[in-house]
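This report covers domains, cores, enclosed spaces and selected residues of one protein chain. The sequence and structure come next.

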Amino acid sequence: MSGKKTTGERNLMFFSGRSHPELADEVAKALGVEITPTALRDFANGEIYVRYLESVRGCDAFVMQSHTAPINQWIMEQLIMVDALKRASAKRVTVIMPFYGYSRQDKKGRGREPITARLMADLFKQAGADRMMSIDLHTSQIQGFFDGPVDHLFALPVLINYLRGKLDPETTTIVSPDTGRVRLAERWSDSLGTPVAFIHKRRDLDVANQVKVHEVVGKVRGRTCVLIDDMIDTGGSICKAADALYEHGATDVIVAATHAIFSDPAVDRLKNSRISEVVVTNTLPIPEEKRFDSLTVLSIAPLIARAITEVFTDGSVTSLFEGDS
């Protein structure tokens with residue numbers, strides 16, 4: 001058996017789709033289990049086949065899949081994996097999506113638009129998921145879309161632990177790239193003891209990934225600015241924000257983000273920008289051709305493994321971020 005049992009004979013089994021095997025291997029190693037053997041393959045027309053090669057009856061199943069490109073294929077694969085587990089009599093299924101696909105479509109900005117983040121939650125609930133786990137959701141309200149427990153993990157401790165030794169709180173400012181990330185910036189500020197600034201911008205509703213920077217609010221002149229965000233997609237927004245900070249007198253700009261989507265032309269933009277370092281986690285796979293000298297990738301696997309252990313043992317996931325709870 002590839003799982004791990006408690007004294008009460010509860011059985012943890014860890015499953016992974018094909019989108020990010022490196023992260024799955026790291027999580028399994030941190031958990032002290034093996035990834036449950038699974039047959040995963042595509043039919044000639046693109047349909048996905050799933051079959052578990054061990055009994056999963058009565059197990060506490062944790063199914064991880066990173067929603068990377070081609071995103072629709074990997075979401076569908078995870079849905080099919082959940083369905084197969086339920087039909088094979090798994091006792092409880094926890095879906096782990098380090099990056100929650102379609103999270104940016106979490107509300108109707110204009111008429112006749114979908115709320116696709118809600119659709120995602122409905123699809124996984126219908127497939128048979130009992131619980132959901134994700135890291136740095138685009139907005140916290142997405143937790144309410146799923147009819148069941150949602151473990152919202154934060155990469156902030158991982159990122160801060162890396163940057164703490166590089167920064168002088170006396171000359172550092174945490175910068176939110178828009179008003180929507182101010183609360184996150186305040187959490188960074190509380191941990192590091194630094195002031196907060198934010199950038200006022202407007203997004204072009206008719207053109208994806210296009211923003212216009214208007215002004216910087218806060219103390220940035222003569223300071224090192226840590227520009228934080230939940231994701232970097234094409235890099236246009238974060239590079240414009242960095243340019244605005246330099247124009248307002250910042251001496252250095254470091255970018256810290258959780259999800260490195262890096263859709264083209266993100267890598268070229270980041271490499272050619274004045275940003276001194278880009279710090280991300282490995283919630284999504286980053287192939288060698290998308291890595292560059294100023295990129296630092298931190299592993300999120302220990303955090304996921306600890307959260308899985310807390311869920312499996314009926315412990316407190318909140319304690320990972322707020323001390324004993």
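## A buried leucine in helix α2

L79 is buried, with a relative accessible area of 11%, which is below the 20% limit for that class. The model is a predicted one. L79 belongs to helix α2, which covers residues 71-87. Apart from residues up to four places away in sequence, L79 touches L123, F124 and A127.

A long span separates L79 from H200: the two are 121 residues apart in sequence, and their C-alpha atoms are 38 Å apart in space.

## Two domains

The domain assignment divides the chain into domain 1 (12-153 + 302-318) and domain 2 (156-284). Domain 1 is therefore made of two segments of the chain, 12-153 and 302-318, according to an automatic or database domain assignment. The C-alpha centres of domain 1 and domain 2 are 28 Å apart. In the contact between them, 14 residues of domain 1 meet 13 residues of domain 2.

## Nonpolar cores

The largest nonpolar core holds 41 residues, and F14, V27, W188, I304 and I308 have the most contacts inside it. Helix α8 (residues 301-312) supplies the largest share of this core, with 8 residues. Where does the core lie with respect to domain 1 and domain 2? Both domain 1 (12-153 + 302-318) and domain 2 (156-284) give residues to this core, so it lies between them.

V27 shows some of these contacts in detail. Not counting residues up to four places away in sequence, V27 touches F14, M64, A301, I304, A305 and I308. A second core, separate from this one, has 33 residues, among them M81, A90, M120 and A127. A127 is also one of the residues that L79 touches.

## The second largest pocket

The second largest pocket contains about 430 Å³ of space. It is lined by 22 residues, and H67, A69, I71, I261 and S263 are the closest to its centre. The lining consists of 12 nonpolar, 7 polar and 3 charged residues. Each of domain 1 (12-153 + 302-318) and domain 2 (156-284) gives at least three residues to the lining of this pocket.

A69 also takes part in a cis peptide bond, described below.

## Cavities

How many cavities of 30 Å³ or more does a search of the whole structure find? The search finds 2. The largest cavity has a volume of about 50 Å³.

The residues lining the largest cavity are D136, A155, L156, L159, L184, W188, I228, D229, A256 and T258. Elements that give two or more residues to this lining are α4 (156-163), α5 (182-192), β12 (224-232) and β13 (252-260). By class, the lining of the largest cavity has 7 nonpolar, 1 polar and 2 charged residues. W188 appears in this lining and is also among the residues with the most contacts inside the largest nonpolar core.

## Buried and exposed positions

T94 and K29 fall into opposite classes of accessibility. T94 is buried, with a relative accessible area of 0%, and lies in strand β6 (residues 92-97). Leaving aside neighbours within four places in sequence, T94 is in contact with A61, F62, V63, R131, M133 and V311.

K29, in helix α1 (residues 21-31), counts as exposed because its relative accessibility is 74%, over the 50% limit. The C-alpha atoms of K29 and A257 are separated by 25 Å, and the two residues are 228 residues apart along the chain.

## Backbone features

Two cis peptide bonds precede proline residues. The bond from A69 to P70 is cis, with omega near -5°, and P70 is in the loop between β5 (60-64) and α2. D264 and P265 are also joined by a cis peptide bond, with omega about 5°; P265 lies in the loop between β13 and α7 (266-271).

S89 is not a glycine, yet has a positive phi of about 75°. S89 is placed in the loop between α2 and β6 and counts as partly exposed, at 29% relative accessibility. Y102, likewise not a glycine, has a positive phi of about 65°. Y102 is in the loop between β6 and α3 (116-127) and is partly exposed, with a relative accessible area of 28%.

Notes: Residues are numbered from 1 along each chain as its sequence is written. This is a predicted model: local features need pLDDT of at least 70, side-chain atom pairs count only at pLDDT 80 or more; totals for chains, interfaces and linings use all residues. Side-chain values use heavy atoms; hydrogens and water are left out. A nonpolar core is a set of buried Ala, Val, Leu, Ile, Met, Phe, Trp, Tyr and Cys residues joined through side-chain atoms within 4.5 Å. Buried means under 20% relative accessible area, exposed over 50%, partly exposed in between (1.4 Å probe, protein chains only). Helices (H or I, at least four residues) and strands (E, at least two) are DSSP runs, numbered from the N terminus. Contact means heavy atoms within 4.5 Å. On a 1 Å grid over the protein atoms alone, a cavity is a set of points where a 1.4 Å probe fits but cannot get out, and a pocket is an open set with protein on both sides within 12 Å along at least five of seven lines; lining residues have an atom within 4 Å of a point. Grid points are joined across faces, edges and corners, and a volume is the space filled by probe spheres set on the points. Ala, Val, Leu, Ile, Met, Phe, Trp, Tyr, Cys and Pro count as nonpolar, Asp, Glu, Lys and Arg as charged, and the others, Gly among them, as polar.
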